[in-house]
Amino acid sequence: MRKVAAWIVTAAFALVVYLLLVLWSGSIGLWSSSELIAGGVLSALVGLVAGRLLWERGGWRMLQPHRWLLFLFYLIGPFFLAMARANLDVAYRVITGRVRPGIVRFNPGLRTDLARTVLANSITLTPGTLTVDVDDESGEFYVHWINVKREEPRPEDVCGPFPTWARRIAE
Amino acid sequence: MNVLIYVFLAIGAVFNGLGAIALIRFPDVYTRIHGATKCTTFGSIFSILAVVIYGFARGGGQGGTLAVHALIALLFLLLTNPTGSHALARGAYRGGIKPFRAVVDRLEEKR
Amino acid sequence: MIAELSFGVAAAVLLAFMCVSMLRLAIGPTAADRAVALDTINTLVVTTMVLLGAAFGQVIYVDVAIVYALLSFVGTLYIARYLEGGLK
């Protein structure tokens, strides 16, 4: 039962991506009949192969739609702002060459894999901080920081409001 | 509309250039990843957004297809770039490259 | 017409940045430096392809860019695995 559900959900995701790729190709809605048939077969195959891998260890809660809305808001709101500000900071450092690098450790207290992935990717995409390693058991992040302000930082020092958002989105 | 496209293209080119300069200028692998991978990601967002605006402004089948495909390319870029740079940093650390002039190295103490 | 030309100019500028990154690819002291330079060039190539697709009005260039982004990601992961001392 669980396997069938995983297969169907994964196939549906693959079908959506495929339909976006072949938009404006024909007359049934916006698609042609051959594209629809090929998309159906291909997404069924993708579901068979990838369904097992994708939904293990707590991926199911991402099916609640409000989490996707929150994620979208987070992406174009706080995340983009932080990214722009940090990019200007790194631009300043590229031109002047003033760096004070180091690898710091902090524990944001996230439990699920997905929340850790969201946080790690957010940290990595913001210039100035780069996730080097994540301890799987304790959930500690090892972050390479280009301008170390303090050697025992709290999570807010390194990545601002990101842990709160990661918890809201994926936990 | 054209002015917006020019502004986005200019911002994108500036940040991509900063990424390339950072690659030459910074002293070790980790700082280079900081400069290069992320400045180019930020620049690419603006460059591709310019194409998306152009596609939607042109409209019709071809313009719409251009815009949607450019958006999908941007999505994949945003998904894959941080993962790739994280994998490179981790691989470099486990391969034995120490951060240059580091004031603190907690990962060293863990081992 | 003018917008297409500006996309072409932006693509040429990105090509110049790619040449600058090639310098690091050539002189980089360690393998990891070269891998980082390659990753940067990959990102620039994807962006350039999208810009050229708009400049020439060819959607197929953008499709190639999507496939290139995914394949280069797999290549980067493979190189990172090799740096780690894996591949046994």
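# Packing exercises

Leaving out residues up to four places away in sequence, B:F8 touches B:F46, B:S47, B:L49, B:A50 and B:I53; touching, or contact, means heavy atoms within 4.5 Å. The model here is predicted, so local features need pLDDT of at least 70 and side-chain atom pairs count only at pLDDT 80 or more, while totals for chains, interfaces and linings use all residues. Residues are numbered from 1 along each chain as its sequence is written, chains are lettered from A and ligands numbered from 1 in the order in which they are written, and side-chain values use heavy atoms, with hydrogens and water left out.

**Exercise 1.** Place B:F8 in its helix and decide whether B:F8 is buried or exposed.

*Solution.*
- Step 1: find the helix. B:F8 sits in α1 of chain B, residues 2-25. Helices are DSSP runs (H or I, at least four residues; strands are E, at least two), numbered from the N terminus.
- Step 2: check the accessibility. The relative accessible area of B:F8 is 17%, so B:F8 is buried. The scale goes like this: buried is under 20%, exposed is over 50%, and partly exposed is in between (1.4 Å probe, protein chains only).
- Step 3: try a pair further along the chain. B:K38 is 30 residues away from B:F8 in sequence, and their C-alpha atoms are 17 Å apart.

**Exercise 2.** Work out how α2(B) and α3(B) are oriented to each other.

*Solution.*
- Step 1: get the geometry. In chain B, α2 covers residues 29-58 and α3 covers residues 60-94; they pack at about 170°, with axes 8 Å apart. Axes are lines fitted to C-alpha atoms (for helices, over the stretch in contact), and angles run from 0 to 180 degrees between N-to-C directions.
- Step 2: classify. The pair is therefore roughly antiparallel. The bins are under 35 degrees for roughly parallel, over 145 for roughly antiparallel, 65 to 115 for roughly perpendicular, and oblique for the rest.
- Step 3: sort the contact residues of α2(B) with α3(B) by class. You get 20 nonpolar, ten polar and one charged. Nonpolar covers Ala, Val, Leu, Ile, Met, Phe, Trp, Tyr, Cys and Pro; charged covers Asp, Glu, Lys and Arg; the others, Gly among them, are polar.

**Exercise 3.** Now cross the chain boundary: do the same for α3(B) and α2(C).

*Solution.*
- Step 1: α2 of chain C spans residues 31-56; its axis comes within 11 Å of that of α3(B), crossing at roughly 175°.
- Step 2: that makes α3(B) roughly antiparallel to α2(C).
- Step 3: by class, this contact has twelve nonpolar, four polar and one charged residues.
- Step 4: zoom in on one residue of α2(C). C:V36 belongs to that helix and, at 2% relative accessibility, counts as buried. Apart from neighbours within four places in sequence, C:V36 is in contact with B:L23, B:V29, B:R32, B:I33, B:A36 and B:L88.

**Exercise 4.** Which residues touch the most other members of the largest nonpolar core?

*Solution.*
- Step 1: fix what a core is. It's a set of buried Ala, Val, Leu, Ile, Met, Phe, Trp, Tyr and Cys residues joined through side-chain atoms within 4.5 Å.
- Step 2: rank the members. Among 78 residues, A:L119, B:V51, C:F7, C:V50 and C:L51 touch the most others. The largest share of this core, ten residues, comes from α2(B).
- Step 3: look for another core. There's a second, separate one of 20 residues, including A:L130, A:Y142, B:A87 and C:L83.
- Step 4: go back to C:L51. Not counting residues up to four places away, C:L51 touches B:L9, B:S47, B:V51, C:F7, C:A10, C:A11 and C:L14.

**Exercise 5.** Give the buried area for chain A with chain B and for chain C with chain B.

*Solution.*
- Step 1: pick the quantity. Buried area is the accessible area (1.4 Å probe) that two parts lose on being put together, summed over both.
- Step 2: take chains A and B. They bury about 3700 Å², 70% of it on carbon and sulfur atoms. Of the area chain A buries against chain B, A:W24, A:V94 and A:I103 supply 17%, more than any other three residues.
- Step 3: take chains C and B. The area is about 3700 Å², with 75% from carbon and sulfur atoms. On the chain C side, C:R24, C:V36 and C:E84 lose the most area to chain B, together 15% of what that side buries.
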